[in-house]
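User: I'm new to this one. Could you walk me through it?

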Amino acid sequence: MKQFLIKISLFLLFVVAVDFLFGICMDRIIPQVRGGEYGRDNYICNQAKEDFLVFGSSRAEFHYDAQMLEDSLKFTTYNCGQIGHTIILNYARLIMNLERRTPKMVVYDITPGYDLLVDIDNNRDLNFLKLHYDRTGVSDIVNDLEPKERLKMISSMYKYNSSFLQLLLVSIYPVSEPGVKGFRTYSNQNEVWLTPPEPKTEWMYDSLKIAYLEKFIKKCKGVSLTFVVSPMWQGINSEVLKPAVELSRKYNIPLLDYSNDTLFLHNKDLFWDYAHLNAEGAHAFTKRLIEDLRKDR
């Protein structure tokens, strides 16, 4: 029995040592990641120092031409939009970015499903958040999403279990930056997806997302923050934006709603699918946004 316990102890010690060394190696690999989604994440969280930042989901990523914004407004610009992710990941990226410097302007593109409603699972943000668990404030965000993660995150192998291979490959073989200054485009129409889902008349709001939208506002103290709802193929029922409208009034944040703008509404030439503009549409929208941002300056 004594020999058995010794073997078990040595095995556990070996596992702990391997896990510890694995964590050290990964912490050194992450700063070397260039290009791809993880390179984008590394840049936003650890390097970006632009004066004008755009946050949001894929509709931010594909609708805001960062180079146009930079050329017109004379602020260095980066598009931090992230396809498939919510206000919660965007808030975490904001607080990590603010550790380096305070931008002059921030636009947050509000998409109801990702920022207000229960339609999108918040836990999809965990893969990126786990990479930054040890950064100030991020562990609290992870624990808000999934309290059981606190114990699991003791293990470096768990921390990187869903991203290890991609991080390693991209650090060895860097891939190209997705888009220009974070902005990506769709070049044509996806005919299959031009038909939107049936519109809803009742919505289930996500209190956690709305709480993080308010936290985002508070973190932008001293920053010129603007909420934007970019164009939708079929438009939306503006009532769904009620929590965002209330927050914008409470904190005196401009909210520019282009979701039912007649320039874009049902304009097939400007959309890739019912939720996303194509390259021509993004150019037209960014031009319209620049005009309105100038009015507020």
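Here come a few questions and answers on a sheet and a helix.

User: In what order do the five strands sit in the open sheet?

Analyst: Keep in mind that this is a predicted model. Strands of a sheet pair through backbone hydrogen bonds, either parallel or antiparallel. Here the pairing is parallel, and the five strands line up as E2-E1-E3-E4-E5.

User: Which are the edge strands?

Analyst: Look for strands that pair on one side only. Those are E2 (77-79) and E5 (255-257).

User: What is the bridge partner of Phe55 in E3?

Analyst: Phe55 is one of the buried residues of E1, a strand with both faces covered. E1 (residues 52-55) runs parallel to E3 (residues 105-109), and four bridges join them. In E3, Phe55 is matched with Tyr108.

User: And on the E2 side, what is the bridge partner of Leu53?

Analyst: E1 and E2 also run parallel, joined by three bridges. Leu53's bridge partner in E2 is Tyr78.

User: How far apart are the end C-alpha atoms of helix H12, and why does that agree with its number of residues?

Analyst: H12 covers residues 207-219, which is 13 residues. At 1.5 Å a residue the helix should span 18 Å, so the distance between its end C-alpha atoms agrees: 18 Å.

User: Which residue caps the N-terminal end of H12?

Analyst: Check the backbone nitrogen of Leu208: a side-chain oxygen lies 2.9 Å from it. That oxygen belongs to the capping residue, Asp206.

Technical notes. Residues are numbered from 1 along each chain as its sequence is written. This is a predicted model: local features need pLDDT of at least 70, side-chain atom pairs count only at pLDDT 80 or more; totals for chains, interfaces and linings use all residues. Side-chain values use heavy atoms; hydrogens and water are left out. Helices (H or I, at least four residues) and strands (E, at least two) are DSSP runs, numbered from the N terminus. The expected span of a helix is 1.5 Å times one less than its number of residues. A polar contact is a pair of N or O atoms within 3.5 Å; within protein, one must be able to donate a hydrogen and the other to accept it, and residues adjacent in sequence count only if both atoms are side-chain atoms. Two strands pair if DSSP finds at least two bridges between them. Buried means under 20% relative accessible area, exposed over 50%, partly exposed in between (1.4 Å probe, protein chains only).
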